[in-house]
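Hi,

Here is the structure I promised to pass on. Have a look at it first, and then read my notes below.

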Amino acid sequence: VSLPIRELLSGNAARIFKYERANRRCPADEYLCREIQKPMRNRFLGQFWALTKDAGYVNHQRFRPLRDKGKPLWEFKEHDHRLYCIRLAVGVDRIDVVLLSGWVKDKDGRTGREDREIEKARGLNEEFLTEYPGGKL
């Protein structure tokens, strides 16, 4: 039986995973490896690395929880690039992060596409929680 996650990075404070759907597609992997340029991918990887060292890492410009309809998702941001995930506490000062999907924002302000991308990530989160009730990896 294969697990519907792929470990990306692990450290003392956090593990970072990419969610893989039942059809073997991995939206976060497609975004990071195929849809964005290497310099932007490296910026995201820098944030992931920081998170593995400090589970309390929150940077309201670059890594923050979504509000309102976006709950319980979190968002990694790099300029106009967005990567949605869930952040799961797994013990004292330790978390798991499951990357769900990403996209490139077209313009400033909230758009209909942003709402659709958040809804898509929420759907992926629901799929993940169906396979991992409570998010226990």
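A definition before anything else: contact here means heavy atoms within 4.5 Å. Please also keep in mind that this is a predicted model.

Let me start with helix α1, residues 27-35. Pro27, Ala28, Asp29, Glu30, Tyr31 and Leu32 of this helix are buried. What covers them? The cover for the buried residues of α1 includes the strands β1 (5-10), β2 (14-19), β5 (81-91) and β6, along with α2 and α3 (112-131).

The pairing of α1 with α2 (residues 38-53) is worth a look on your screen. Their axes come within 9 Å and cross at roughly 135°. Angles over 145 would count as roughly antiparallel and 65 to 115 as roughly perpendicular, so α1 and α2 are oblique to each other. On the α1 side the contact is made by Tyr31, Leu32 and Cys33, and on the α2 side by Arg41, Phe44 and Phe48. Sorted by class, that makes five nonpolar residues, one charged and no polar.

Phe44 turns up again in the largest nonpolar core, which has 21 residues. Together with Leu51, Phe76 and Leu99, Phe44 touches the most other members. Two or more residues each come from β2, α1, α2, β4 (74-78), β5 and β6, and α2 gives the largest share, with four. Apart from this core lies another one, of 16 residues, with Phe17, Leu73, Tyr84 and Val98 among them. If you want to follow Phe44 further, leave out residues up to four places away in sequence and you will find that Phe44 touches Tyr31, Leu32, Ile36, Phe76, Lys77, Glu78, His81, Arg82 and Leu83.

Two other residues of α2 caught my eye. Gln47 is in this helix and counts as buried, at 1% relative accessibility. Beyond its neighbours within four places in sequence, Gln47 is in contact with Tyr57, Arg62, Phe63, Phe76, Lys77 and Glu78. Thr52 lies in α2 too, and it is buried, with a relative accessible area of 1%. With neighbours within four places again set aside, Thr52 is in contact with Leu9, Ser10, Gly11, Asn12, Ala13, Ala14 and Ile16.

Over in strand β6 (residues 94-104) you will find Gly102. Is Gly102 buried or exposed? At 8% relative accessibility it counts as buried, because the cut-off for that is under 20%. Gly102 and Arg82 are 20 residues apart in sequence, yet their C-alpha atoms are 5.3 Å apart in space. Arg82 is also one of the contacts of Gly102 outside its neighbours within four places, and the others are Tyr31, Glu35, Leu83 and Glu117.

Last, the cysteines. How many disulfides does the structure hold? It holds zero. For Cys33, the nearest cysteine sulfur is that of Cys26, 8.3 Å away, whereas a disulfide needs the pair within 2.5 Å. Cys33 is partly exposed, with a relative accessible area of 45%. Cys85 is in no disulfide either; its nearest cysteine sulfur, again that of Cys26, is 13 Å away. Cys85 is buried, at a relative accessible area of 0%.

Cheers

Key. Residues are numbered from 1 along each chain as its sequence is written. This is a predicted model: local features need pLDDT of at least 70, side-chain atom pairs count only at pLDDT 80 or more; totals for chains, interfaces and linings use all residues. Side-chain values use heavy atoms; hydrogens and water are left out. Axes are lines fitted to C-alpha atoms, for helices over the stretch in contact, and angles run from 0 to 180 degrees between N-to-C directions. Angles under 35 degrees count as roughly parallel, over 145 as roughly antiparallel, 65 to 115 as roughly perpendicular and the rest as oblique. Ala, Val, Leu, Ile, Met, Phe, Trp, Tyr, Cys and Pro count as nonpolar, Asp, Glu, Lys and Arg as charged, and the others, Gly among them, as polar. Buried means under 20% relative accessible area, exposed over 50%, partly exposed in between (1.4 Å probe, protein chains only). A nonpolar core is a set of buried Ala, Val, Leu, Ile, Met, Phe, Trp, Tyr and Cys residues joined through side-chain atoms within 4.5 Å.
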